[in-house]
Amino acid sequence: MTNRTPGGDLAALMADLKVLTELESPSTDPVAIQRVMDVIEGWARDLGARTHALGGGTRVFHFGVQPDQAERPILVLTHADTVWPHGTLERMPWREDGDRLYGPGTYDMKAGIVALFHALRALQGEWPRGGVTVLLSPDEEIGSPSSRDHIEQAARAARVALVVEPPVADTHALKTGRKGTGTYTLTFTGVASHAGNKPEEGASAITAAAHATLDLQALARPEAGTTVSVGLIQGGSAVNVIPERATLDIDLRVSSLAEAERLDAAVRAWTPQDPRVTVQVTGGLNRPPFEQGGGTLALYEQARAIAQDLGFDLTHAVVGGGSDGNFTAPIIPTLDGLGAPGDGAHAQHEHVRLDRWPDHVRLLTELLRRV
Ligand SMILES: [Zn+2]
């Protein structure tokens, strides 16, 4: 807690991470998430931050941000929730193994939060122009339903956004673009009938769902970054009944808004061949694409130069998964992947790379100083 060497004290980084990791915080448990947030808010208050609790469980901490200042602050996006249910620590405990540190929610993204606070402490109250606003979301892992408006509002008041989600696994590349993500549910209603006696009186919802699966997946354009996958299919009531009901759940990823609009229109316009089958569409684009813009690449170039000064090479990449950076990128230059290096997000082998972590804390510290 008193570390003053930027990223220099691995033991202190690990101690803080252990505190956050051992407070399990699944997206579905607001009380558990608030417990983690209370610890982080304590760290923020120790640094003199003004703190605010917003509707829905989001918290905002201002470091050196004055109410009527001319310069806009740096916005840093964090989230306190994880994909792991209560009890995960029992089968996936905190464990150090060589240069890897294992535990649920470490890489994504509690180590990113710890890195941020070590960077803020290293600034020793010498905040960058405009100060730093940290936004702590309670529900990033489920698409940020309660925090999205707060994130977009904070972005409109800021000059750049830095996201402390983890860098790309293995390469430790920063993230300068992310696909937009959407999910759709198609519910088919046909006509039930005896499959042996009166099949012609039935209209199969499953047949329609099968056609829709093939037609909609054919809309993918991998070369343009568009992927479409029917991940769930359900239907029918008994083997000898022409099925009246079927549902499809579709996962959609796009690299551009134009592709998002093309896919959305196609999904909504799809109609079954058999007019007796009706289809109802729910869902839509959850996160807009984070398109790699000039402002983001300029931020990345600053980060790369800092890494070079610190003695390591940095690369960047556009990735398929979304983050809250997807909400800020259409508004202000956004650089993502500034958290802790490691691997295994949402997987059993989730871990942080201890050999690489301090370098990335130093990088974040210098970036906050120079941006
Ligand atoms: Zn995350």
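**Cores, strands and one buried glycine in a predicted model**

Trainee: In this predicted model, which residues of the largest nonpolar core touch the most other members?

Mentor: The largest nonpolar core holds 67 residues. Those that touch the most other members are Leu116, Leu162 and Ala303.

Trainee: Which element gives the most to this core?

Mentor: The contribution in question amounts to eleven residues. Apart from this core lies another, of 20 residues, with Ala203, Ala208, Ala212 and Ala260 among them. The element that gives the most to the largest core is α4.

Trainee: Is helix α4 largely enclosed or largely open?

Mentor: Helix α4 covers residues 106-123 and reaches 24 Å from its first C-alpha to its last, close to the expected 26 Å. Just after α4, Gln124 takes a positive phi of about 50°. Of the 18 residues of α4, 17 are buried, so the helix is largely enclosed.

Trainee: Which residues does Ala303 touch, not counting those up to four places away in sequence?

Mentor: Ala303 is one of the residues with the most contacts to other members of the largest core. Beyond four places in sequence, its contacts are Leu174, Leu314, Leu335, Leu363 and Leu367.

Trainee: Which residue of β6 stands opposite Val76?

Mentor: Strand β3 (residues 74-79) pairs with β6 in the parallel sense over six bridges. Strand β2 (residues 59-63) is joined to β6 by five bridges and runs antiparallel to it; there His62 stands opposite Thr133. On the β3 side, the residue opposite Val76 is Val134.

Trainee: Which residues of β6 point the other way from Val132, Val134 and Leu136?

Mentor: In a regular strand, side chains alternate between the two faces of the sheet. All six residues of β6 (residues 132-137) are buried, so the strand is largely enclosed by the rest of the structure. Opposite in direction to Val132, Val134 and Leu136 are Thr133, Leu135 and Ser137.

Trainee: Why does Gly337 count as buried?

Mentor: Gly337 sits in the loop between β16 (334-335) and β17 (342-343). Leaving aside neighbours within four places in sequence, Gly337 is in contact with Glu165, Pro166, Pro167, Val168, Ala173, Leu174 and Lys175. A residue is buried if 20 or more other C-beta atoms lie within 10 Å of its own. Gly337 counts as buried because its C-beta neighbours inside 10 Å number 28.

Trainee: What separates the C-alpha atoms of Gly337 and His172?

Mentor: Gly337 and His172 are 165 residues apart along the chain. Their C-alpha atoms are separated by 8.3 Å.

Trainee: Which strands stand at the edges of the open sheet of four strands?

Mentor: The strand order is β11-β13-β9-β14, with antiparallel pairing, and the twist averages 15° from one strand to the next. Eight bridges join β11 to β13 (residues 245-254), with Gln234 opposite Thr247. Each edge strand has a single partner, so one side of it is left without a neighbour in the sheet; these strands are β11 (227-235) and β14 (278-287).

Trainee: At what angle does helix α7 run to β14?

Mentor: Helix α6 (residues 205-217) packs on the sheet, touching β9, β11, β13 and β14, and its direction makes about 170° with that of β11. Helix α7 (residues 257-269) lies across β9, β11, β13 and β14. Its angle to β14 is about 165°.

Trainee: Which UniProt annotation covers residues 176-270?

Mentor: The end C-alpha atoms of this span lie 34 Å apart, and the span is 27% helix and 38% strand. The UniProt entry is unreviewed, and its annotation reads "domain: Peptidase M20 dimerisation".

Note on methods: Residues are numbered from 1 along each chain as its sequence is written. This is a predicted model: local features need pLDDT of at least 70, side-chain atom pairs count only at pLDDT 80 or more; totals for chains, interfaces and linings use all residues. Helices (H or I, at least four residues) and strands (E, at least two) are DSSP runs, numbered from the N terminus. The expected span of a helix is 1.5 Å times one less than its number of residues. A residue is buried if 20 or more other C-beta atoms lie within 10 Å of its own, exposed if 12 or fewer, and partly exposed in between; C-beta atoms are placed from the backbone. UniProt positions are given in the numbering used here, feature names are shortened, and annotations may be inferred rather than shown by experiment. Two strands pair if DSSP finds at least two bridges between them. A nonpolar core is a set of buried Ala, Val, Leu, Ile, Met, Phe, Trp, Tyr and Cys residues joined through C-beta atoms within 7 Å. Two residues are in contact if their C-beta atoms, placed from the backbone, lie within 7 Å. Axes are lines fitted to C-alpha atoms, for helices over the stretch in contact, and angles run from 0 to 180 degrees between N-to-C directions.
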